[in-house]
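Here is a short tour for someone meeting this structure for the first time. Have a look at the sequence and the fold, then read on.

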Amino acid sequence: MNKITIIGNVGQDPELRFTQGGQSSVKMTVATSRKVKEEWVSTWHNVVAWGQLAENIAASVVKGTRVIVSGRLDVREWKDKNDNKKVSYEIVVDEIGVSLKNATVSVERIEMKSAAPADVEEAF
């Protein structure tokens with residue numbers, strides 16, 4: 001299973017973009033911190049989300065927001081122009097929420113788009 005959860009602060013306002021096909025994506029960084037021998041050490045994580053989740057993040061999260069991010073860890077490998085191997089890591093978000101440890105939020109529900117035809121009843 002490839003699952004990671006982090007709690008940290010957003011490093012800059014999320015950057016919302018759209019692919020040529022119209023798919024939305026958002027990129028941001030999240031800093032996690034831990035204390036090592038009386039000193040705080042931060043680790044920066046690249047975070048990406050797609051679709052409606054990406055648009056919700058862009059509309060709701062700003063630099064400095066403390067978030068709880070859950071998703072999968074992806075590894076990207078490539079060679080630069082000098083043929084040196086490069087590696088980067090990013091978290092692809094499944095779920096994200098604002099931490100209420102030091103903040104309050106107001107939640108606005110959005111209407112979910114259904115793939116089922118309108119005349120089909122749900123089996124509940």
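Start with Met28, which has plenty of company: leaving out residues up to four places away in sequence, Met28 touches Val10, Gln12, Pro14, His45, Asn46, Val47, Ile57, Val61 and Ile96. Keep in mind that this is a predicted model.

Met28 also belongs to the largest nonpolar core, a set of 14 residues. Together with Val30, Val47 and Val69, Met28 is among the residues with the most contacts inside that core. Who else chips in? At least two core residues come from each of β1, β3, β4, α1 (51-60), β5 and β6. The top contributor is β3, which gives three residues. As a general backdrop, nonpolar side chains in soluble globular proteins tend to be buried together.

Stay on β3 for a moment, because the buried Thr32, at 17% relative accessibility, is worth a stop. Thr32 lies in this strand, which covers residues 24-36. Its side chain makes a polar contact of 2.8 Å with the side chain of His45. Beyond residues up to four places away in sequence, Thr32 touches Ile6, Ile7, Gly8, Val41, Ser42, Thr43 and His45. His45 turns up among the neighbours of Met28 as well.

Now for the strand pairing. Strand β1 (residues 4-10) runs antiparallel to β5, and six bridges link the two. In that pairing, Thr5 has Ser70 of β5 as its bridge partner. On to β5 and β6, an antiparallel pair with 13 bridges. Here Trp78 is bridged to Lys86 in β6. β5 and β6 form a hairpin, with five residues between them.

Which residue in the turn of that hairpin has a positive phi? The residue is Asp83, with a phi of about 65°. Most residues other than glycine have a negative phi. Lys37 is another non-glycine residue with a positive value, near 50°. The table puts these two residues side by side.

| Residue | Phi | Place | Relative accessibility |
|---|---|---|---|
| Lys37 | near 50° | loop between β3 and β4 (39-50) | 77% |
| Asp83 | about 65° | loop between β5 (66-79) and β6 (85-98) | 53% |

Are these loop residues buried or exposed? Exposed means over 50% relative accessible area. Lys37 counts as exposed because its relative accessibility is 77%, and Asp83 counts as exposed because its value is 53%.

Conventions: Residues are numbered from 1 along each chain as its sequence is written. This is a predicted model: local features need pLDDT of at least 70, side-chain atom pairs count only at pLDDT 80 or more; totals for chains, interfaces and linings use all residues. Side-chain values use heavy atoms; hydrogens and water are left out. Helices (H or I, at least four residues) and strands (E, at least two) are DSSP runs, numbered from the N terminus. Buried means under 20% relative accessible area, exposed over 50%, partly exposed in between (1.4 Å probe, protein chains only). A polar contact is a pair of N or O atoms within 3.5 Å; within protein, one must be able to donate a hydrogen and the other to accept it, and residues adjacent in sequence count only if both atoms are side-chain atoms. Contact means heavy atoms within 4.5 Å. Two strands pair if DSSP finds at least two bridges between them. A nonpolar core is a set of buried Ala, Val, Leu, Ile, Met, Phe, Trp, Tyr and Cys residues joined through side-chain atoms within 4.5 Å.
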